[in-house]
Structure formats: structure tokens, C-alpha cells
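Reader: I'm in my first year, and I learn best by looking closely at one place before looking around. Please pick a single part of this structure and walk me through it slowly, then show me how it connects to the rest.

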Amino acid sequence: MKRSLETENILHYSTANPADELDICRLGRALSVPERIKILRALQDRPHNIIEISTMLNIPLSSVSFHIGVLEEAKLIRVEYKPAPKGHMKLCSIGTIISSVHFTKVKEVEESEIIVEMPVGCYSQCNVSKAYMADEQGFIFRENASPYMLFTPERIKGQIFSFQSGYVVYSFPNLFILNNQYRRLSFSFECCSEAPYYRENWPSDITIWINDVEIATFCSPGDFGGKRGNYTPNYWELNSTQFGLLKKFTIDDSGCYIDDIFDNKNHVFDELKLDSSKQIELKIGMKEDAKHIGGINIFGKNFGNYPQNILMILSKPD
């Protein structure tokens with residue numbers, strides 16, 4: 001019997017977090033052998049014991065037992081011991097449904113600033129409609145793709161992510177714990193509205209939240225095309241979205257900013273509760289009651305006009 005999405009075990013790892021290193025290695029080892037992929041596929045519909053798996057896949061019992069141990073160590077399956085006519089048996093079932101590794105890049109630019117770079121496809125949550133994603137070679141998934149494709153591992157390569165409504169969440173490491181003098185937090189990325197083909201007059205109200213605190217809403221004026229973006233690949237049709245605007249959203253002790261221009265004082269830095277948060281979550285989306293629900297395109301460093309992914313910038317006050 002298949003489990004519902006509400007009961008799925010979802011794990012996210014980050015290469016920027018030293019505590020995740022061993023788990024990432026275990027995950028890589030577990031997925032490095034074709035027989036283990038076959039075992040995971042066999043367990044998709046219902047649990048099986050080791051003898052059943054050996055018979056179904058024509059794999060020696062000793063090999064199945066070894067593979068099961070590796071998969072269990074990586075948290076990809078669960079093993080329960082059930083009574084059997086002679087002693088007990090190992091009943092195996094799917095453990096983790098979705099495992100993702102965030103290939104975040106951490107670099108110190110100067111003593112007063114830390115930057116973390118996040119690929120467009122490395123989101124940890126996604127609740128969107130009419131979405132598509134592409135990289136430098138072609139589409140990773142299209143609007144009519146199965147919703148499960150939103151979490152395909154191939155999304156890590158994505159360079160443009162588009163959706164009509166909803167939101168996406170990116171989980172960044174909480175580097176505030178390294179130095180509590182960093183009391184200004186910014187996110188920078190290239191974006192625009194999403195229209196059929198492209199339309200420069202196509203407003204969309206794009207809202208930014210950090211750790212569930214609403215920072216600001218930016219009204220994107222349109223979806224830009226007609227001339228190729230500086231980094232947009234040649235295969236991409238010219239009558240489609242080409243580039244966006246580079247936007248920066250900031251919160252500090254005095255309030256919230258858009259492109260370093262003061263926007264509001266509705267919220268301040270301490271409301272993010274970074275002293276007790278395990279991670280910093282950036283949420284990008286459109287409210288259900290927004291005046292303009294014109295979709296969004298988010299660009300990576302190999303698409304659009306700016307050679308950057310989504311940047312998180314922790315800095316000290318001026």
C-alpha cells in the first residue's frame with residue numbers, strides 16, 4: 001500500500017554544513033550500484049522481505065542482505081523484524097522518499113561579509129502551478145509534467161525556473177551563528193514576471209519572506225524578451241523569456257529594503273530568530289490575494305543577464 005505524501009520522510013543535506021558530510025557520503029554510496037536502485041524500485045508499492053526481494057530480482061540472498069544494509073544506513077529504507085515460522089524475518093520498506101543535497105558554495109568575500117550561493121533548482125519546498133525548468137541544454141521539465149518532477153534530482157542543474165502561482169523555498173545554512181555581529185541579511189537574484197512568450201507590460205507582485213517573516217513585495221513590470229539575454233543559451237527561442245531584473249531584498253535592525261532603498265519598517269532583524277534557527281529559509285512567491293498574479297521567472301548564472309545564482313549575503317551594519 002502506497003503512503004500518502006503527508007507521511008513521506010523528506011531529507012535535505014547541504015555541502016556547506018560539515019555535519020551533513022557523512023550522510024551525503026552514505027547517500028552517494030547507496031545510489032552508486034544498479035542493484036540497489038532495483039531494490040528501491042521493488043519497494044515502491046509495498047514492503048518485502050529479503051527472500052522475496054532476492055527472488056523478484058534474481059539477486060543472491062547474501063548480496064541482497066548486504067545492499068539492504070547500505071540502503072538502511074543511508075536512510076533510504078526501513079528494516080523491521082517480524083515473526084516468522086522459524087525465528088524472525090527482515091521486512092524492508094521505503095524510508096526516505098525525497099533526499100536532496102544542496103550544493104551551496106560558501107565563500108568569505110571580506111571580514112564584514114559572507115556570501116552563500118544557491119543554484120535555482122536547489123529548493124527545499126515547492127508549491128507552484130504551471131511550472132517549467134530548463135538548463136543550458138534543454139528542458140528539465142515542462143508545464144504539463146507530473147508534479148513529482150518538481151523534485152527530480154535533475155533540477156539541481158536548472159538555470160531558469162518559472163511558475164504561474166504559488167511559492168518556492170530555499171534553505172540556506174544559518175551562518176549567523178558564526179558571528180552575531182552580522183546583523184544585515186540580504187538575498188539577491190535575477191527575476192521577472194512570467195507571460196505567454198514574453199510581454200514587457202505584464203505586472204506581477206512578487207513577495208519575499210525570510211524565516212516566514214514577510215520582508216517586501218516587488219511589482220515586476222513585465223516578462224522581458226525580444227533580444228537574447230547575455231547568458232541565455234542559443235537554443236532558447238528568442239520569442240520566449242530572455243532575462244530579468246537583478247533584485248536585492250534586505251532586512252536589518254532598522255527595517256526592510258529593496259535594492260538598498262528603504263522600503264518599510266514593518267519587521268526588523270531580530271524577528272528572524274537566527275540565534276535559534278537551524279537554517280535560513282528564503283521564500284519567493286505570490287500571495288493568493290495579490291493584485292497582480294503574473295507569475296515569476298527565476299534565473300541562474302547561465303541564463304539571463306547576470307552571471308549569478310541566488311545569493312544570500314550576511315553583512316555587518318554600516
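Author: Let's begin with one pair of residues: the bridge partner of I210 is V213, which belongs to β15. Before we follow that bridge, you should know that this is a predicted model, in which local features need pLDDT of at least 70 and side-chain atom pairs count only at pLDDT 80 or more, while totals for chains, interfaces and linings use all residues. Residues are numbered from 1 along each chain as its sequence is written, and side-chain values use heavy atoms, with hydrogens and water left out.

Back to our bridge. Strand β14 (residues 204–210) is joined to β15 (213–220) by seven bridges, and the two run antiparallel. Here a strand is a DSSP run of E with at least two residues, a helix is a run of H or I with at least four, and both are numbered from the N terminus. Two strands count as paired if DSSP finds at least two bridges between them. As background, strands of a sheet pair through backbone hydrogen bonds, either parallel or antiparallel.

Between β14 and β15 there is a loop, and D212 lies in it. Most residues other than glycine have a negative phi. D212 is not a glycine, yet its phi is positive, at about 70°. D212 is also exposed, with 64% relative accessibility. (Exposed means over 50% relative accessible area, buried under 20%, and partly exposed in between, with a 1.4 Å probe and protein chains only.)

Now let's step back to the sheet. β14 and β15 belong to an open sheet of five strands in the order β8-β12-β19-β14-β15, with antiparallel pairing. β15 and β8 are the edge strands, each pairing on one side only. From one strand to the next, the twist averages 20°; the angles are taken between N-to-C directions of lines fitted to C-alpha atoms, over the stretch in contact for helices, and run from 0 to 180 degrees.

What does the other edge of this sheet look like, at β8? β8 (residues 125–129) has alternating side chains: C126 and V128 are buried and point to one face, whereas Q125, N127 and S129 point to the other and are not buried. That fits a general pattern: in a regular strand the side chains alternate between the two faces of the sheet. Five bridges pair β8 with strand β12 (residues 165–173) in the antiparallel sense, and V128 has G166 of β12 as its bridge partner. Beyond β8, in the loop that leads to β9 (132–134), sits K130. Like D212, K130 is a residue other than glycine with a positive phi, near 50°, and K130 is exposed, with a relative accessible area of 56%.

Two strands of our sheet also help to line a pocket: β12 and β19 (279–285), along with β1 (9–14), each supply at least two residues of the lining of the second largest pocket. A pocket is found on a 1 Å grid over the protein atoms alone, as an open set of points where a 1.4 Å probe fits, with protein on both sides within 12 Å along at least five of seven lines; lining residues have an atom within 4 Å of a point. The volume of this pocket is about 380 Å³. Of its 20 lining residues, the closest to its centre are N17, D20, P173, K278 and Q279. The volume is the space filled by probe spheres set on grid points, which are joined across faces, edges and corners.

Finally, follow β15 onwards. The loop between β15 and β16 (245–252) holds G244, which is buried at 4% relative accessibility. Leaving out residues up to four places away in sequence, G244 touches E190, C191, C192, F224, F299 and Y306, where contact means heavy atoms within 4.5 Å. Strand β13 spans residues 184–192, and five bridges join β13 to β21 in antiparallel fashion; S188 stands opposite L311 in β21. β21 (residues 310–315) has six of its six residues buried, so it is largely enclosed by the rest of the structure. Strand β7 (residues 113–118) also pairs with β21, antiparallel over six bridges, and V116 stands opposite M312 there.

For the overall setting, the protein chain has four helices and 21 strands, and 49% of its 318 residues are buried.
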